[in-house]
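Please open the model in your viewer and keep the sequence panel beside it. The tour below goes from one selection to the next and says what can be found at each stop.

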Amino acid sequence: MLDVLLQPVGIVHYFLLSTLLFVIGAMGIFLNRRHVLSMLMALELILLAVNINFVAFSVAHGNVEGQIFSFFILTVAAAEAAIGLAILVIFFRRHHTVDVAAMDTLKG
Amino acid sequence: MLGLFSFFSFFLLLGALGVVFSRHTVHAVLSLIFAFFNAAALLIMIGAEFVGFMLIVVYVGAVAVLFLFVVMMLDVDRDALRAAVAPHKKWVIFFAAVFVIEILALVAYHPPQLGAGAMGALVPAQGDNVRALGMVLYTTYAPLFYAAGMILLLAMIGAIVLTLRQRSGVRRQVIAQQNARRAEDTVTLAKPPSGEGVL
């Protein structure tokens, strides 16, 4: 019984975990698609899944470049979160809602 | 190892579900922080310490706190926004399940054929993870490293410019205007007669 717990962890485990995480994040985008803030959080989950994949495969190959790439993903994710939240704040200031359906100003 | 992996990944998925399904937005952000801690533990387990700690520093320290601030600034009824999507909920879950089953089938039929450690254990590399990363990041990827810095700088400037508010009716100091004032234009000398004052 305890032998199972001491089994080594393979790339397949990490791959399946990141798949599940990705799917949960994608579900979050569709289930909360009226609420921009929830969509942004689900997007962070998706990026986390991608990062886990990159790092796990980098360890499997014995090549650190996957981890380097995950840094750049992290950088862009942080920048995206900052800009996205700033846009959200000014949108809320003008429209008093974060409903995606209300974002039709560019329709003219 | 599999026990530890199962432990952390269970709580990671639990946190992710909390982000998607929790009723209150603050709870969703806290679930996100919880999920990121577990993900960091999973990454540290396979020897990617620096990425794991970066995840905690960047996400928990900066991004999640940013989310919390924004959640506190906005007053949003999440349930009202979600009610509109409720009829499609079972379809979303159905397609998610289909996607997972497809990936499972793919892995089952084509097991990854990688290097030596492909199907076996993920063994942490010998030696210093941070040193190994630095040797590559500051040499081969130095231009991209600078570009990442520029991206962060641009994001910072962009966020400040976007949210900076010019309120009307606020008296603020305009230094150029102050310096342009001359005594001849603004100061008048009056000689009021005694006992009457200046009109």
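Begin by colouring chain B apart from the rest, and bear in mind throughout that this is a predicted model. Of the 199 residues in chain B, 32% are buried. With the cartoon switched on, chain B shows 9 helices and 0 strands, so that, by the way helices and strands are assigned here, its elements read α-α-α-α-α-α-α-α-α from the N terminus on. If you draw the contacts of chain B whose separation is 6 or more, 58% of them join residues 24 or more positions apart.

**The surface of chain B**

Turn on the surface of chain B, which exposes about 13400 Å², with carbon and sulfur atoms supplying 68% of that area. Next select B:M150, B:L153, B:M156, B:I157, B:I160 and B:V161, which form a nonpolar patch on the surface and together have about 570 Å² of accessible area. To place this patch on the cartoon, pick one of its members, B:L153, which belongs to helix α7, residues 142-163 of chain B. How exposed is B:L153? Its relative accessible area is 39%, and B:L153 is therefore classed as partly exposed, the class that lies between under 20% for buried and over 50% for exposed.

**A small charged network**

Move on to B:R182, B:E184 and B:D185, shown as sticks, since these residues are linked in a network of salt bridges. Side chains of opposite charge can pair when their charged atoms come close. Between B:E184 and B:R182 the closest N and O atoms are 3.7 Å apart, and the salt bridge that joins the side chains of B:R182 and B:D185 also has an N to O distance of 3.7 Å. The cut-off is 4 Å, so both pairs qualify as salt bridges. With the surface on, you can compare how the three members are covered: B:E184 is exposed at a relative accessible area of 58%, B:D185 is exposed at 54%, and B:R182 is partly exposed at 47%. Over all chains the count comes to 2 salt bridges.

**Where chain B meets chain A**

Now bring chain A into view and select the residues in contact across the two chains, which are 78 residues of chain B and 70 residues of chain A. The size of an interface is often given as the accessible area lost when the parts come together. For chain B and chain A that buried area is about 6900 Å², of which 83% is on carbon and sulfur atoms. How many salt bridges cross the interface of chain B and chain A? The rule finds 0 there.

Two residues of chain A make good places to zoom in on the contacts with chain B. The first stop is A:N51, found in helix α3 of chain A, whose relative accessibility of 2% makes it buried. Leaving out residues up to four places away in sequence, A:N51 touches A:S70, A:I73 and A:L74 as well as B:L55. The second stop is A:A78 in helix α4 of chain A, which, apart from its neighbours within four places in sequence, is in contact with B:V58 and B:V63. From A:A78 you may also draw a distance to A:E44, which is 34 residues away along the chain while the C-alpha atoms are separated by 9.2 Å.

**Along helix α4 of chain A**

Select residues 65-95 of chain A to highlight helix α4, whose 31 residues reach 44 Å from the first C-alpha to the last, close to the 45 Å expected at 1.5 Å a residue. Step just past the end of this helix to A:H96, which takes a positive phi of about 55 degrees.

Then go back to helix α3 of chain A, residues 36-61, and select A:S58, which counts as buried because its relative accessibility is 5%. Setting aside neighbours within four places in sequence, the contacts of A:S58 are A:N63, A:V64, A:G66 and A:Q67.

**A last stop inside chain B**

Finish at B:A35 in helix α2, residues 25-45 of chain B. Is B:A35 buried or exposed? Its relative accessibility is 0%, so B:A35 counts as buried. Beyond the residues within four places in sequence, B:A35 is in contact with B:L12, B:G15 and B:A16. A distance drawn from B:A35 to B:R23 spans 17 Å between C-alpha atoms, for a separation of 12 residues in sequence.

Conventions
Residues numbered from 1 in each chain as written. Chains lettered and ligands numbered in written order. Predicted model: local features only at pLDDT ≥ 70, side-chain atom pairs only at ≥ 80, totals over all residues. Heavy atoms only, no water. Helix = DSSP H or I, 4+ residues; strand = E, 2+ residues; numbered from the N terminus. Buried < 20%, exposed > 50% of the residue type's maximum accessible area, 1.4 Å probe, protein only. Contact = heavy atoms within 4.5 Å. Areas by Shrake-Rupley, 256 points an atom, 1.4 Å probe, with all protein chains shown as cover. Patch = residues over 30% accessible without salt bridge, like charges linked within 9 Å, V, L, I, M, F, W, Y side chains within 5 Å. Expected span 1.5 Å × (residues − 1). Buried area = accessible area lost by both parts, 1.4 Å probe.
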